[in-house]
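This briefing is meant for a reader who is meeting the structure for the first time. Please keep the sequence and the model in view while reading the points below.

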Amino acid sequence: MNPLLDFSGLPRFPEIKPEHVTPAVDALLAENRALVDRLAAEAGAPGWDSFVQPLEDANERLSRAWGQVSHLNAVVNSPALREVYNENLPKITAYYADLSQNLALFGKFKALRSAPEFEALSAPRQKIIDNEVRDFRLGGAELPEDKKPRFKAIQEELSALSARFEENLLDATNDFGLIVENESELAGIPADALQAAREAAQKDDKSGWKFTLHAPSYMPVMQYADNRGLREQIYRAYVTRASEFPPATSPEGKGKAEHPQGVGHGCKAAEAATTALWDNTGLIADILRLRREAARLLGFDHYADVSLSTKMAQSPQQVLDFLDDLAKRAKPYAERDYRELTEFARDELGLANLAAWDVAYAAEKLRLKRYAFSDNEVKQYFPETVVLPGMFKVVETLYGLSIKQTPAPVWHGDVRFYTLSDSKGEPVGQFYLDLYARDHKRGGAWMDDAITRRRKDGAVQVPVAYLNCNFSAPVGGKPALFTHDEVITLFHEFGHGLHHLLTRIEDLGVSGISGVEWDAVELPSQFMENFCWEWEVVRHMAKHVDTGEVLPRSLFDKMIDAKNFQSGMQTVRQIEFSLFDMHLHYDFDPDSGKTALQLLDEIRRRVAVMFPPDYNRFPNNFSHIFAGGYGAGYYSYKWAEVLSADAYSLFEESGVLSPEAGHRFWSEILGVGGSRSALESFTAFRGREPSIDALLRHNGMTGI
Ligand SMILES: [Zn+2]
């Protein structure tokens, strides 16, 4: 039997082979499509059991099977697996696209919404039906027939434009390569970054060191290179990517910066050719125009209203007020940070004017001077063998659970599997932990759902999560050592995991993280990060790998001080981006003659403390909002931080490991999933609406 079609228990990872994928996907799609046709054609009033339930069952089977395939593709990639993955992905996408356009299904959901039966359904089921009706509407299902072709054409054009925006940025980024021949020009850059630059040059059959605009190459130069000219050259190339300025390297001279100082003074013909090739300026206006047109077809005034209709924030004005308020409070701290940095740069680094390409460099020097400790020193106190039990202990104490390693079929020898049980020993949830970086595993850290909690055939299905990280594996017979940042990442992902695993909902559509508003989904994850800054917690999970000595309190205090280093400057920068995004999609008119860059300039004059050079083309590489789904949603980062900090403040008041606070957090936030609005959940937990005070306090922004 095809293991991908076995839904009786945990995935049978060791048995799944690439040749299982296509037959399983084809069988499930055929089955689902037949069911959809049958449900759509059925006469009579649709009910939960006769209509919604079978649809949920069918989609659950498909998403469980395909979820295993995408998971394996991400963590143990191989050419054969990638091939079947790419071969089947379009079929899956097409199925869901057809589903969202199926007017007969939309009609059934609407009928159910207005049937007498609706009022008798549980709150989660009502929410699922409401969400379905909303999503069909946002997908254009209710447009008059003569408007539909235009709406569809806009959607298609938008996805093509977004893809081009991203490609332009990628091509412009990849195009740049700067070869430095003379080692004396590279003073200050750390050895590992130099080694990588050396290898990059060798790959091109060049001598010397090659620097690119990819983060692992760009960042060390900006942070550490003593050579100011080099920093400026690379900065300029970075901030003019995908703009009207010609790339800093000519197409013939790949790998060699031709006229980095002379941008704009090069050969006109060559400029025109490359400029037209990758410039995102026109795409920005086109994307904004089309989003606005689509919003108006749907009956909204602005694209921002469309974006917020599935989010916790209630109106663009509410978001703007929130950002303006935060800006007002953060700005004095940003000004202080900036003043300290300019004075330090002037007095100790001899930089009379702090330029944009000096900021990261000066900040790193100031940080070192103030907080003399290294990541490597701290790392010795965070061996995996102490950190993991420490993290589990936090969760066990807060929620009265126990976490034990249990056997399960896995995809790699390093992967472990755990079961969370309640005080009666009943399993509540289970998770895989795949901690280490290795070849053929996707980068970064993420949580994904393998099985979602629901009631099925009278029994509750225990939820299962994947927790994936890319930490360094153990070496030299010692346990793996984590940096403090990695410990925070682990807590963050575990927070997402708990949101999925501790749900009490019994219907798929709003169980765990399903149906939770985008701008609130980071609440449980960022909430967990707070414990990594709590002495009460840290002293139990930080012991020196060789001596077993507990992390010295003095070192911990230095870490706390360093935590808020320049948080004022960082906050106003995030606010600048968020305001820019929201205004663009709300009260900005791309046809008014004002450009996006001019809008950004106005916003900077209101909230920023640092002003980049005129040639900076930040909008042209802001792919989050033009290519990444964050349009009128970039504020979510700060919004969720406010929620998580404010939620955590109840623990600060009740004792950070208070089981009472823990149970309340479980009942009102983790347990309810998307069954009610995030605002209702938050208010039920905190006894009031969110306030930004805790965030300001956590960021050291009180007292001025
Ligand atoms: Zn997250």
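Donors are N, O and S atoms within 2.8 Å of the metal, and since water is not among the atoms, a site may look incomplete. With that in mind, the predicted model can be approached through its zinc site, then its sheet, its nonpolar cores and a few individual residues.

**The zinc site**

- The protein donors of the zinc ion are NE2 of His492, NE2 of His496 and, listed twice, an OE atom of Glu522, and these donors lie 2.1 to 2.7 Å from the ion.
- Along the sequence, the residues that supply these donors follow the spacing H-x3-H-x25-E.
- Both histidine 492 and histidine 496 belong to helix H18, which covers residues 484-501, and the two are four residues apart, or about one turn of the helix.
- Histidine 492 counts as buried because its relative accessible area is 13%, and histidine 496 is likewise buried because its value is 10%, where the cut-off for buried is under 20%.
- The arrangement around the zinc ion is irregular because the four donor atoms subtend angles of 52 to 141°, whereas a tetrahedral site would need all angles to lie between 85 and 135 degrees.

**The five-stranded sheet**

- Five strands form an open sheet in the order E3-E4-E5-E9-E6, and their pairing is mixed.
- At the edges are strand E3 (402-405) and strand E6 (446-451), each of which pairs on one side only, and the twist from one strand to the next averages 25°.
- Strand E9, made up of residues 464-471, runs antiparallel to E6 and is joined to it by five bridges; in one of these pairs tryptophan 446 is partnered with asparagine 468 of E9, and in another aspartate 449 is partnered with alanine 465 of E9.
- Strand E5 (residues 427-436) runs parallel to E9, with six bridges between them, and glutamine 430 has valine 464 of E9 as its bridge partner.
- E9 is mostly covered, since seven of its eight residues are buried.

**The nonpolar cores**

- The largest nonpolar core has 135 residues, of which Tyr399, Phe431, Leu490, Phe494, Phe527, Phe531 and Phe665 touch the most other members.
- Helix H14, spanning residues 316-349, gives the most to this core, with twelve residues.
- Leaving aside residues up to four places away in sequence, phenylalanine 527 touches Tyr399, Ser644, Ala647, Tyr648, Phe651 and Phe665.
- Another core, of 52 residues, lies apart from the largest one, and its members include Val36, Leu62, Ala65 and Ile451.
- As a general background to these groupings, nonpolar side chains tend to be buried together in soluble globular proteins.

**Individual residues**

- Threonine 240 is placed in the loop between helix H10 (228-239) and helix H11 (268-278), and it is classed as buried because its relative accessible area is 8%.
- When residues up to four places away in sequence are not counted, threonine 240 touches Phe245 and Tyr615.
- Proline 90 lies in helix H3, which covers residues 79-100, and it counts as partly exposed because its relative accessibility is 48%.
- Proline 90 and glutamate 602 are 512 residues apart in sequence, and their C-alpha atoms are 43 Å apart in space.

Methods. Residues numbered from 1 in each chain as written. Predicted model: local features only at pLDDT ≥ 70, side-chain atom pairs only at ≥ 80, totals over all residues. Heavy atoms only, no water. Pairing = 2+ DSSP bridges. Axes fitted to C-alpha atoms, helices over the stretch in contact; angles between N-to-C directions. Core = buried A, V, L, I, M, F, W, Y, C linked by side-chain atoms within 4.5 Å. Buried < 20%, exposed > 50% of the residue type's maximum accessible area, 1.4 Å probe, protein only. Contact = heavy atoms within 4.5 Å. Donors = N, O, S within 2.8 Å, 3.2 Å for Na, K, Ca; no water. Tetrahedral: all angles 85-135°; square planar, octahedral: opposite > 155°, others 65-115°.
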